[in-house]
Every structure is written in structure tokens, then in C-alpha cells.
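Hello,

Here is the structure I promised to pass on to you. Please open it and keep it beside you while you read my notes.

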Amino acid sequence: MSAARGRLLRAGGVARLLAMLLCLVSALGLGACAPADRSWADTPQAIAGGGATGVYYAYGQQFARALSTHLGATFTAQRTNGSVDNLERVGDGTAVLGFAQGDAVADAVAGTGAFHEPIPIVAVARLYDEYVHIVVRAGSDVHDLRDLAGRAVSLGARGSGVELVARRILGAADVDPASIRNPELGLEASIGALRRGDIDGFFWVGGLPTPGIAALAADTPIRLLSIPPAVVDAVNAAHAGAYRQADFPIGAYGVDSATVTMTVPNYLVARADAPEELIHDSTAVLFEQRAVIARGAPAAALLDRRQAIFTDPIALHSGAARYYRETHD
């Protein structure tokens, strides 16, 4: 054996030894020596979004596009009836990720309200706070919650998070939901019905601005009904403080008067048994492509890593938790 060949072999042996040591350290600390399992990338993945004109669907579309580009797999956004529908889809495996309001999430985890048993979901991130909208025409004689009794008002699609919130608000305001003629419309249908004059108003829960409502306000002057602080307090007293009092910014949707409302946090959730690498990498794309996603879904710009981990009462997925640990400042 030549001296040169001997030196190469010795160098190779040292390199292999170092690699083994690094692998051992990695295995002890992170369990990461084995190649990551990417078998999930061979199957199209779905994100449970929302109605076609809502923030969830726009967010879902942009997020799915970013994931498909950066993870080498096919992601699509589903049109759904909103939070409750999304949680059920994630829970039964129809979607791997989904958007949902915090109040619906709390019910899903506890197996109460619209859910007959706990749903196997975990959190990826707290995204932003959603505003409760109660929309009427600008010239309507409906001026407060009590005026909704006896009117044709959509409380949201059946089984949606909007319906959940609407009924809680009406109950806290001593308005019997049974006194309202409720066509159970989703956002797109509600907007069309108000524009035609078929309904007197509708409830919606979404980010600012909600694209469909902004388009409605551009051709049909609207007002937003206030939700008094006492009503917000009453809803919170019955539902573990899930809501916060807030104001719509003056000028939102062309409305030039102050409107008091309430907000509810919303989350990106995943099925509890979703692959760790899938959720870790999806969380990375959510944050690293935030500016790109926000071009088509402005609410994405509100994503804040410091707030994203506060997902109580739902635990973080292990893949998301690992991403937050890795990027902790």
C-alpha cells in the first residue's frame, strides 16, 4: 500500500468516525440520524379553507400554493362551510390542515357544542384575531341587536363557526334566535342576498378586510351593527373568556362611524397524527413565505411568531413545536 493511499484511508476513517459521533450526538439530542420520512409527499394533501369569498379560503389558497412550491408535494385548498366543518374534516382525515376559530376549537377539543365527541386535532399556529361582523344596508332601520328580531337575517351556514358565534351573541342580548328568519347562508350567498334585498342582514366572523364584504361595500353602502360591551362580557362569562372587545377601524368597508364589536382568535390546526416532518416543514413555509402569502391574503401579514405559540386550549403539534424551538431568538 502506498503512503498516499494509507493517508487517504486514515483520513477516511477519521471522517467516518466523526460522522458516527455526530450522528450519535444528534440521535441522543434530537433523534434525527435516520432520514426524514417523506412518504406523505406522494399523496395530495388538502387544507380545509372556507367559503369562496372569505379570508380562510384566500389564505388557504395562497398557503397551498406556497407549500406546493417549496415542499415538492401537491397541496390544495378546499371550499368549506367554515370552522366546524374544517375541524371535522381535519379530524376525519379529509384534510391535513385547516383554519378554525378559537371558540370552535375549544368545543372540538372538549367534545361539546357542535361536536359529539372530542376531535383529534392539535395546533400549528395562532394566526390572527377575527372580527364579528353584523352587516346591514346603510339605510336600514335596524340599529341594534334587538332590532334583528322578526327580520330575515342569515346567522351563517349551518354548522359553521359563524352560526356558533351568532347564536351566542343573540342569546346574550336576549334575542331569541327562533324569532329570526334565518336562511342559513354562507358568506357568498349572504352577500348576494343582501345585495338583492332578500335579507335584512347577516353575521360573519373573519379577518379585516374580508374580501367579499369589501366588494359588497363598493357597490352597496353598508353599516356594521355594534355589539355592546355588556353582551361581550355575557358571552365570555358563559364561554371561558374566548372573546375580546374590539373596535372596527373607522373607514373599514367605507363606514365612517365607530363600531364596537368582539374578536375571536383563530388557529391553523392539524390532525393529531399528521407526520411530524410534514407539519414542521409546513410551519416553516407558513412563516418564511408570509410576505408572499400576504399578497393574496392580507391577513397573513398579521402572523407573529411570538404570539403563534399561544394556542390554549389546544396543544401544539410536535412538528410545529420543533420549528418554534429551532427558530427561538
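Below is what I found in it, going from the whole chain to single residues.

Please keep in mind that this is a predicted model.

**The whole chain**

The protein chain has 329 residues, and 49% of them count as buried. You can trace 12 helices and 9 strands along the protein chain. Among contacts with a separation of 6 or more, 74% are between residues 24 or more positions apart. The accessible surface of the protein chain is about 15200 Å², and carbon and sulfur atoms make up 55% of that.

**Aromatic rings**

How many aromatic pairs does the structure hold? There are 7 aromatic pairs. One pair to look up is Tyr59 with Phe99, where the centres are 5.2 Å apart and the planes make an angle of 40°, a tilted arrangement. Tyr59 belongs to helix α2 (residues 55-71) and Phe99 to strand β3 (residues 97-101), so this pair links parts of the chain that are 40 residues apart. Are these two rings buried or exposed? Tyr59 has 1% relative accessibility and therefore counts as buried, and Phe99, at 1% relative accessibility, counts as buried too.

Another pair is formed by Tyr131 and Phe248: the ring centres are 5.4 Å apart and the planes lie at 35°, so this pair is tilted. Tyr131 sits in strand β4 (residues 121-137) and Phe248 in strand β8 (residues 244-248), so the pair joins parts that are 117 residues apart in sequence. Tyr131 counts as buried at 18% relative accessibility, because the cut-off for buried is under 20%. Phe248 is buried as well, at 4% relative accessibility.

You can also look for a cluster: ring pairs link Tyr56, Tyr59, Phe99 and Tyr128.

**A charge over a ring**

Which residue has its charged end over the ring of Phe287? That residue is Arg305, whose charged end is 5.0 Å from the centre of the ring.

**A loop residue**

Finally, have a look at Ala73, in the loop between α2 and β2 (75-79). Ala73 has a relative accessible area of 7% and is buried. Apart from neighbours within four places in sequence, Ala73 is in contact with Trp40, Ala41, Leu67 and Ser68. Gln45 is 28 residues from Ala73 along the chain, and the C-alpha atoms of the two are 7.8 Å apart.

Enjoy exploring!

Best wishes

Key
Residues are numbered from 1 along each chain as its sequence is written. This is a predicted model: local features need pLDDT of at least 70, side-chain atom pairs count only at pLDDT 80 or more; totals for chains, interfaces and linings use all residues. Side-chain values use heavy atoms; hydrogens and water are left out. Helices (H or I, at least four residues) and strands (E, at least two) are DSSP runs, numbered from the N terminus. Buried means under 20% relative accessible area, exposed over 50%, partly exposed in between (1.4 Å probe, protein chains only). Contact means heavy atoms within 4.5 Å. Accessible areas come from the Shrake-Rupley method with a 1.4 Å probe; for residues, only the protein chains shown count as cover. Rings of Phe, Tyr and Trp (its six-membered ring) pair if their centres lie within 6.5 Å; planes under 30 degrees apart count as stacked, over 60 as edge-to-face and the rest as tilted. A charge sits over a ring if NZ of Lys or CZ of Arg is within 6 Å of the ring centre and within 35 degrees of the ring normal.
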